[in-house]
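The exercises below ask you to read strand pairing, burial and surface exposure from a model, and each task is followed by a solution in steps.

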Amino acid sequence: PANYLTYGIYIVNEGSFGAGNSSVSYLNLQSGTMSNDVFEITNGFPLGDVAQSMTILNNKGYIVVNNSQKIEVVDLSNMQSIATISGFQSPRYFVTSNNKGYVSDWFDNNIKVIDLTTNTITNTIPTGNGPEQMVINSNKLFVVNVGGFGTDRTGSIATLDQHGWGFHRHRTVHQRGCPGGDSRHCPPGPGLLRSESRICQGRGG
């Protein structure tokens, strides 16, 4: 059987919206061999509709399939599906910290918190409209909100509980007073507006 843990690159192919023809390819950099449709060939069923992104953690691949509203978890040694995480409206990107996954949900305007042991959604973190890319730094989750179908140009910051009890607080930062609504022309200093609300859950309160 093929081994997809060698020195190589995973390529996520989005496919056509509504066609359900997304796929994952694997380029072995040692042999120069390209393998296409590795998920479907291994599992006997298609990956789904609009593969958005893929994150690798502990020899597992977390493939975010946007329009199928799911994440496929695969064993990278053979691309075998070992779990399907559902419960999203429009999942986009996936980051991890302390055995938890954080998934931006574009239509739902929040971040879904995933228990990576059970592969289930355990919590949500509210954001602005259309959350997309995220990064975790210094125990904080930084989220870029692109507005969904609107014009939101904000960022959300959530302080994470390192003991795994969700998060302590969420705040949104955004610009105001931008000429013509163009954030490139926002004035510094007073133009930066912060709104913050304290949200306590579990033992993290």
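Two strands are counted as paired if DSSP finds at least two bridges between them. The model used here is predicted.

**Exercise 1.** Determine how many bridges join strand 4 to strand 5, and in which direction the two strands run.

*Solution.* Strand 5 covers residues 60–65, and 6 bridges join strand 4 to it. Since at least two bridges are required for a pair, the count of 6 bridges satisfies the criterion, and the two strands run antiparallel. As one point of register, Ser53 stands opposite Val64 in strand 5.

**Exercise 2.** Establish the strand order of the open sheet of 4 strands, and then explain what being at the edge leaves strand 4 and strand 7 without.

*Solution.* The order is 4-5-6-7, with antiparallel pairing. Strand 4 (51–57) and strand 7 (80–86) stand at the edges and each has a single partner strand, so one side of each is left without a neighbour in the sheet. Neighbouring strands of this sheet are turned against each other by 20° on average, if direction is ignored.

**Exercise 3.** Describe how strand 9 is joined to strand 8 and to strand 10, and decide whether its two faces are covered or open.

*Solution.* Begin with strand 8 (residues 91–97), which is joined to strand 9 by 5 bridges in an antiparallel arrangement; here Phe94 stands opposite Val103. The hairpin of these two strands has 2 residues between the strands, and Asn98 takes a positive phi near 55° in it.

Turn next to strand 10 (residues 110–115), which also runs antiparallel to strand 9 and is joined to it by 6 bridges, with Gly101 opposite Ile114. This second hairpin has 4 residues between its strands, and Asn109 in the turn has a positive phi of about 55°.

For the faces, recall that side chains in a regular strand alternate between the two faces of the sheet. In strand 9, Lys100, Tyr102 and Ser104 lie on one side, Gly101, Val103 and Asp105 lie on the other, and all are buried, which leaves both faces covered. The count for the strand (residues 100–105) is accordingly 6 of 6 residues buried, where buried means under 20% relative accessible area.

**Exercise 4.** Locate Tyr7 relative to strand 1, and classify this residue as buried or exposed.

*Solution.* Tyr7 is found in the segment before strand 1 (8–13). Its relative accessible area is 57%, and because exposed means over 50%, Tyr7 is classed as exposed. Together with Ile9 and Leu29, Tyr7 forms a nonpolar patch on the surface, with about 300 Å² of accessible area for the three residues together.

Key
Residues numbered from 1 in each chain as written. Predicted model: local features only at pLDDT ≥ 70, side-chain atom pairs only at ≥ 80, totals over all residues. Heavy atoms only, no water. Patch = residues over 30% accessible without salt bridge, like charges linked within 9 Å, V, L, I, M, F, W, Y side chains within 5 Å. Areas by Shrake-Rupley, 256 points an atom, 1.4 Å probe, with all protein chains shown as cover. Salt bridge = Lys/Arg side-chain N within 4 Å of Asp/Glu carboxyl O. Buried < 20%, exposed > 50% of the residue type's maximum accessible area, 1.4 Å probe, protein only. Axes fitted to C-alpha atoms, helices over the stretch in contact; angles between N-to-C directions.
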